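Reader: I would like a close look at one part of this protein, the salt bridges. Start with a pair that joins distant parts of the chain, then work outward to whatever surrounds the topic.

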Amino acid sequence: MRKTTLAALAACSLLLFAGAAHAQGELEQQVSQALSRADGGPLSAVFASGAELAGIGEAETLARLVNSAAQKAGNKGRLAAAVALRELAEGDLYGKEILTLLTPVASSSEVEEQAIALSILGDASLFNVRVLPELRTLVAARLGDALAAPRVQIESARALWNIGDEKQQLLAKQTLMGFLRASDRGVALQAALALAEFNAELTGELDRILRAARNEPTPEGRLAASYLAREEDRRVMSRRLRQLAAEGGAAPSGPAAAARDEFALLRELIRLAESQHIRGEQLRENELLEDAAKGLLLSLDQHSAYFTSEEFQRFFFDLNREYGGIGAFVNFDKDGIFSITRPIYSGPAYKAGLKTGDRILEVDGWETGGRTSEEIIARLKGQPNTSVVLKIARPGLQESKDVAIVRQEIVVPSVNWEMLPGQIGYAEIVTFAQNTGAELRTALEQMKERGMVGLVLDVRNDTGGYLLAARDVVEMFVAPDKLVCFTQGRTEERQEYRTRPGRQLSTELPLVVLVNDFTASASEITAGALQDHGRAKVVGVRTYGKGSVQQILGLRSRPPEIFDDKNENGVRDEWESFTDIDGDGKFDPGAHVKITVAHYYLPSGRSIHKEIDREGKVLAPDWGIIPDFQVELRDVSAKDAWKNAELFEIFQAGKLQEYVRATVKADPQLSLELADSDLGDHTRYPGFEELYTALDTHLDRDDIRRWVRYLLRDEVADLRGKAYPGGRALGDIQEDAQLQEALRQVFGALGKDLREVPEYRDVLKIAKELEPEAGKSGETARR
């Protein structure tokens, strides 16, 4: 009897197992068919397909099957799968899978596929802090691609605003502001709607574009009308509040006020959000409190901010660019394989023979496939003087090979430099980090050894950093005990920052500083102090106008976790143990605030801060650093806008990239020479006519020559063991009109003519003479 019962139970178990397997097989088939239908259907249907797919099975099993099947799907299938995972997710549960699926789609040849992928990737609620660095890198790269379609750049800006840090949000907003001037009305309107979505003040060109569209019977027109109505409500409320305050009716006093619970409002709002909002069951009180803290700090001024623990870690690294690791920039390539995008040329990876494009298949035997960027980077990093073995695949190698690397203390460079023709030094400061002064001093000493007779200091696109780093830079060029700047605030007494004795490298070297509209904060201090002391000419366009000082403060209510500071540097390194109080497996440095405590003033006593009232009106006209010589980077006429579209198609075909790789392989020495200077002559490139004919393009030969050379300068970086400063036109003596004007001023100070140097003679984009701004707005603003 017992044997019969056991046999029956076993048979029943087998039937149940077989039934479950059969059900899963059917579900797997349904998923595969749904993704195939999505691939074969119109792009507009991927959202409906994804939502439908999310409803056909139990969430956890379905998500696993969807993710697995999507790896073999086309781009539309991947988009539908990402939509389904978004529907199935609780918070950021499937963020890693969504990012992996959409990474190749974000670089698709189809503009609308890219845009939809970026719109999904811009949903910050889907991604946790482990995934965010990789996600931000991907989206920022799409935003920074000059060849991307406007639709893609606008969607990238919208996504980066939602997921990016403060600097990236500024870049996103500035990019969209630039699109407001687009000749294509549809592009300008899409940029305006995105800015309005960010709660930007609806003034000037933004207001004009929205008002022109608000009566159109289209979704865009209705959205424009809605944003304008919201802005009017905000202005009415602002006027009422000011009126109440003026009448003295806004603040009750006496016993009633003393008895009132000042935080009752906040608690009531949290309860209402949790009970009434459509996503109320997903809300967490801690996150709502953090959002309230962000709003409080942001209401003070645009530069004050609240950082969660994760946000502070990323912010801190931007200013303290050191870690233990192999020394390489890494990311997923177009095929979704984790690769070296460029080695840090002073680091151990490059010295061990690793090159740009090398694919990292394993780290100490641990496979990288299917992992997030953050997981892989955590294994690449480690205590200096420890070893790590990478399995590397490289195009041209028949099989992968193991490479052993000894980790070192890596300093991500904040200064890039180059010697230009005519013995002129060129130094680009990327950010004002703690070690920027030392890096620049080393660069200047090396350039002096090579015979430098003049210097161009480039702080374009440098949004600032440490104030003391600006002092460190200025004192290399200015005599001791000269004022660099002073700060003063409501509770801060005047504090002066002066040049120190023994820090000077050259107080006579001809010097020009390059600036643009992204030059801010410490960069503006540097340019302004050198200008005020008559030590340097400034070339470019008016700077951003950030003249405020922020202090970083920890919070007792959100303290850091304790760690074992083995190297006593005051910072928790990846290999140092810590007490995991909250049990999440991650070190928590605690929440911090960045709060504006003072303004800084240049030696002339002028504040360059751009003060804006609540209506968006600039209160003082002399904000920012006004260059001595105003020069735009490049003069692009509206009639040439078609070139961008044609270049986009050429790049998608890949023929330019293939030509450049073949040229470097066939003649490395010629490639290095052309990267430095091709004298604007396309005939110096072997096989250029055959390439031009094969492209079948309306672009002229010089347009193609210029882009071939841009790619060539990237490709030869490994050969020369050094990346060119800037990027594309920026920092290129042949294409950068601002740099050319700076060089002309340096040569002029030496009593020479720029046109006497062969490398410049035939490639100049600047007029023969340029009137200085001195005596005009520039001189007036500096008084």
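Author: Asp-703 and Lys-643 are both buried. In this predicted model, the two form a salt bridge, with their closest N and O atoms 3.1 Å apart. The pair links distant parts of the chain. Asp-703 sits in helix 26, residues 701-715. Lys-643 sits in helix 22, residues 642-653. The two are 60 residues apart.

Now take a second pair. Arg-359 and Asp-335 meet through their side chains in a salt bridge, at 2.7 Å from N to O. Arg-359 belongs to strand 5, and Asp-335 to the loop between strand 3 (328-332) and strand 4 (338-343), so this bridge ties together parts that are 24 residues apart in sequence. What about cover? Arg-359 has a relative accessible area of 25%, so it is partly exposed. Asp-335 is at 48%, and it also counts as partly exposed because the buried class ends under 20% and the exposed class starts over 50%.

A third pair is Asp-145 and Arg-142. Their closest N and O atoms are 3.2 Å apart. Here the two partners fall into separate classes. Asp-145 is partly exposed, with a relative accessible area of 22%. Arg-142 is buried, at 8%.

Salt bridges also join up into a network. One such network links Glu-112, Arg-151, Glu-155, Arg-158 and Glu-197. Across the whole structure, the search finds 33 salt bridges.

Strand 5 brings us to a pocket. The second largest pocket holds about 360 Å³ of space. It is lined by 22 residues, and the closest to its centre are Gln-71, Thr-100, Phe-332, Gly-336 and Gly-370. Two elements give two or more residues to this lining: helix 5 (95-102) and strand 5 (359-363). Helix 5 gives the most, with four residues. By type, the lining of this pocket has seven nonpolar, eight polar and seven charged residues.

Back to burial, this time for a whole element. Helix 20 covers residues 467-474, and seven of its eight residues are buried, so the helix is largely enclosed by the rest of the structure. The buried residues are Leu-467, Ala-469, Ala-470, Arg-471, Asp-472, Val-473 and Val-474. Charged side chains are thus on that list too, namely Arg-471 and Asp-472.

The surface offers a contrast. Phe-263, Leu-266 and Leu-289 make a nonpolar patch of about 260 Å². Leu-289 is in helix 15, residues 285-300. At 32% relative accessibility, Leu-289 counts as partly exposed.

Last, two backbone details. Most residues other than glycine have a negative phi. Gln-423 has a positive phi, near 65 degrees. This residue is in the loop between strand 10 (415-420) and strand 11 (424-429). Gln-423 is partly exposed, at 37% relative accessible area. Leu-679 has a positive phi as well, about 60 degrees, and is not a glycine. Leu-679 lies in the loop between helix 24 (668-676) and helix 25 (688-695). Its relative accessibility is 37%, so Leu-679 counts as partly exposed.

Definitions and conventions
Residues are numbered from 1 along each chain as its sequence is written. This is a predicted model: local features need pLDDT of at least 70, side-chain atom pairs count only at pLDDT 80 or more; totals for chains, interfaces and linings use all residues. Side-chain values use heavy atoms; hydrogens and water are left out. Patches are made of residues with over 30% relative accessible area and no salt bridge: like charges are joined within 9 Å, nonpolar side chains (Val, Leu, Ile, Met, Phe, Trp, Tyr) within 5 Å. Accessible areas come from the Shrake-Rupley method with a 1.4 Å probe; for residues, only the protein chains shown count as cover. A salt bridge is a side-chain nitrogen of Lys or Arg within 4 Å of a carboxyl oxygen of Asp or Glu. Buried means under 20% relative accessible area, exposed over 50%, partly exposed in between (1.4 Å probe, protein chains only). On a 1 Å grid over the protein atoms alone, a cavity is a set of points where a 1.4 Å probe fits but cannot get out, and a pocket is an open set with protein on both sides within 12 Å along at least five of seven lines; lining residues have an atom within 4 Å of a point. Grid points are joined across faces, edges and corners, and a volume is the space filled by probe spheres set on the points.
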